[in-house]
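Here are my notes for a colleague who is new to reading structures. Please keep the model open beside the text while going through the points.

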Amino acid sequence: MGRKERFESWLNGERDPYLGKVEMKPQKERLLPRTLLKKYKKDHEEAVAQVYDMTNNRQIKYFEKAYRILGVLGCCLFITIMILTVSYLPPIGVADKPVNNEVPQRYIEDGLQETGAVNIVTGMILDYRAFDTFGESNVLFVATITVLILLRALPGHGGGKGKEEADTAKEEARQEANDRIYEPKNDVILQRVAFFLVPMIIIFGIYVILNGHLSPGGGFSGGAIIGSGLILYLNAFGFSKTERLFTEKTYKGVCFCALTFYCFAKSYSFFTGANHLESGIPLGTPGAILSSGLILPLNICVGLVVACTMYTFYVMFRKGGF
Amino acid sequence: MTVFECLLLVFLVMCAISVTLSKNLLNSIIIYMSYSLVMSIIWIILESPDLAITEAAVGAGVTSVLFFVTLKKIHAIEREDSDKESSGQQKGGE
């Protein structure tokens with residue numbers, strides 16, 4: 001047995017590398033005389049009846065009362081602590097509170113010159129703290145993979161099964177996971193509403209992404225809006241329409257390209273910044289769409305990843321795969 | 001604090017309490033949706049429109065939809081349908 005085959009059999013759960021082939025021997029059924037069985041059954045029923053006798057069981061009564069009282073007390077305690085904490089916070093708009101140090105001062109005063117973004121929040125999250133946002137996008141990607149592991153409708157891949165059997169098992173798993181078959185399809189009201197709303201939602205999402213450095217919003221919120229639009233479209237028109245433009249391949253390609261581009265672009269800009277080199281990326285005039293250097297492409301990357309992730313989450317939950 | 005803000009905050013607290021007290025999971029999710037919507041208005045009042053957009057899209061949109069699908073997956077909505085059929089009362093559809 002080659003190394004690869006052994007690894008595969010271990011991956012399929014057929015073989016433990018230390019113990020050899022995993023095998024279960026059928027055991028003999030243990031037979032008891034009928035009277036003894038009856039007695040056991042009666043004992044069991046009596047025990048169950050005594051334990052779950054709510055009116056006479058003192059322990060359960062006390063426990064339920066104590067549970068409620070302690071629950072309310074715990075909530076009250078938590079609320080008190082939180083409100084006390086809030087009351088110790090410095091009031092809004094005071095000049096000498098501890099958060100007003102040189103960091104936000106620099107962001108606010110020099111942010112426009114250094115990043116070229118009119119919206120300082122975007123300038124912060126995609127320029128000064130771009131690696132945080134990169135981590136965020138990666139977290140979303142990893143979350144999708146985890147959901148995929150948990151919810152994918154696995155084709156039956158038992159070792160000794162023939163191909164036909166595997167196919168039927170796969171089909172059954174698909175049917176089981178695909179709960180859309182029980183729903184009314186082609187709902188006219190939903191389709192009419194979606195017909196008008198979906199383009200607007202998606203265009204609004206694109207606007208929020210592209211204007212991330214000028215107005216409130218940015219990659220994450222715009223991506224979430226586009227994702228919701230896609231989900232609405234999927235609900236109204238079914239999988240056959242969306243699969244024309246969005247499949248597993250699209251998801252993989254888009255996420256991989258966006259994350260890789262983000263990584264390289266930001267690595268380059270951090271490298272040049274740390275070594276005091278000219279990055280060669282023009283900042284443009286503040287306020288124009290094509291300005292603020294890398295922020296616009298990074299926004300688009302984050303938006304793509306988020307939109308794909310939201311849509312993929314939904315598809316996973318509905319169908320267990322693409 | 002204006003009257004409007006007070007109203008919103010009171011509504012927020014009421015929503016938060018009624019989410020936990022509601023027996024029906026579907027109702028809880030819908031209340032949670034309205035909670036997110038009001039929260040996004042409060043974010044605008046607190047002068048952070050970025051968060052408001054995200055809260056409206058993620059909190060009220062995607063998260064609730066995922067909750068609905070999860071309820072469907074664990075067969076928590078089906079019981080509702082059979083209730084409707086047996087008692088003959090027509091509540092609002094999904």
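The points below go from chain A as a whole, through some of its helices and its core, to chain B.

1. The first thing to keep in mind is that this is a predicted model. Within it, the secondary structure of chain A consists of twelve helices and two strands, and along the sequence these elements follow the order α-β-β-α-α-α-α-α-α-α-α-α-α-α.

2. Chain A has 322 residues, of which 23% count as buried. Among its contacts with a separation of 6 or more, 69% join residues that are 24 or more positions apart.

3. Helix H11 of chain A, which runs over residues 248-274, offers a simple check of length. Its 27 residues should span 39 Å at 1.5 Å a residue, and because the C-alpha atoms at its ends are 38 Å apart, the expected and computed values agree. Just after H11(A) comes A:His276, which takes a positive phi of about 55 degrees.

4. Which residues of H11(A) are buried? They include A:Tyr251, A:Cys255, A:Ala258 and A:Tyr262, and it helps to recall that an α-helix has 3.6 residues a turn, so residues three or four places apart point the same way. The buried residues of H11(A) pack against two other helices of chain A, namely H6 (130-151) and H12 (295-319).

5. Helix H9 of chain A can be examined in a similar manner. H9(A) has 19 residues and reaches 27 Å from its first C-alpha to its last, close to the 27 Å expected at 1.5 Å a residue. This helix is mostly covered, with 16 of its 19 residues buried, and just after H9(A) the residue A:Gly238 takes a positive phi of about 85 degrees.

6. The largest nonpolar core has 51 residues, and the members that touch the most others are A:Val305 and A:Tyr311. At least two residues of this core come from each of H5 (120-128), H6, H8 (188-210), H9 (219-237), H11 and H12 of chain A, and likewise from H3 (49-73) of chain B. H12(A) gives the largest share of this core, 18 residues.

7. Leaving aside residues up to four places away in sequence, A:Val305 touches A:Ser137, A:Leu140, A:Phe141, A:Gly223, A:Cys255, A:Ala258 and A:Leu259. Of these, A:Cys255 and A:Ala258 are also buried residues of H11(A).

8. How many residues does each chain bring to the contact? Chain A brings 18 residues and chain B brings 14. On the side of chain B that touches chain A, eight residues are nonpolar, three are polar and three are charged.

9. Within chain B, the axes of H2 (residues 25-45) and H3 come within 7 Å and cross at roughly 175 degrees. An angle over 145 degrees counts as roughly antiparallel, and H2(B) and H3(B) are therefore roughly antiparallel to each other. Residues of H2(B) that take part in their contact include B:Leu25, B:Tyr32 and B:Trp43, while those of H3(B) include B:Pro49, B:Glu55 and B:Phe67. By class, the contact of H2(B) with H3(B) has 17 nonpolar, four polar and one charged residues.

10. The last point concerns B:Glu47, which lies in the loop between H2 and H3 of chain B. Its phi is near 65 degrees, a positive value in a residue other than glycine. Is B:Glu47 buried or exposed? B:Glu47 counts as exposed, because it has 9 C-beta neighbours inside 10 Å.

Notes
Residues numbered from 1 in each chain as written. Chains lettered and ligands numbered in written order. Predicted model: local features only at pLDDT ≥ 70, side-chain atom pairs only at ≥ 80, totals over all residues. Helix = DSSP H or I, 4+ residues; strand = E, 2+ residues; numbered from the N terminus. Buried ≥ 20, exposed ≤ 12 C-beta atoms within 10 Å, placed from the backbone. Contact = placed C-beta atoms within 7 Å. Expected span 1.5 Å × (residues − 1). Core = buried A, V, L, I, M, F, W, Y, C linked by C-beta atoms within 7 Å. Nonpolar A, V, L, I, M, F, W, Y, C, P; charged D, E, K, R; others polar. Axes fitted to C-alpha atoms, helices over the stretch in contact; angles between N-to-C directions. Parallel < 35°, antiparallel > 145°, perpendicular 65-115°, else oblique.
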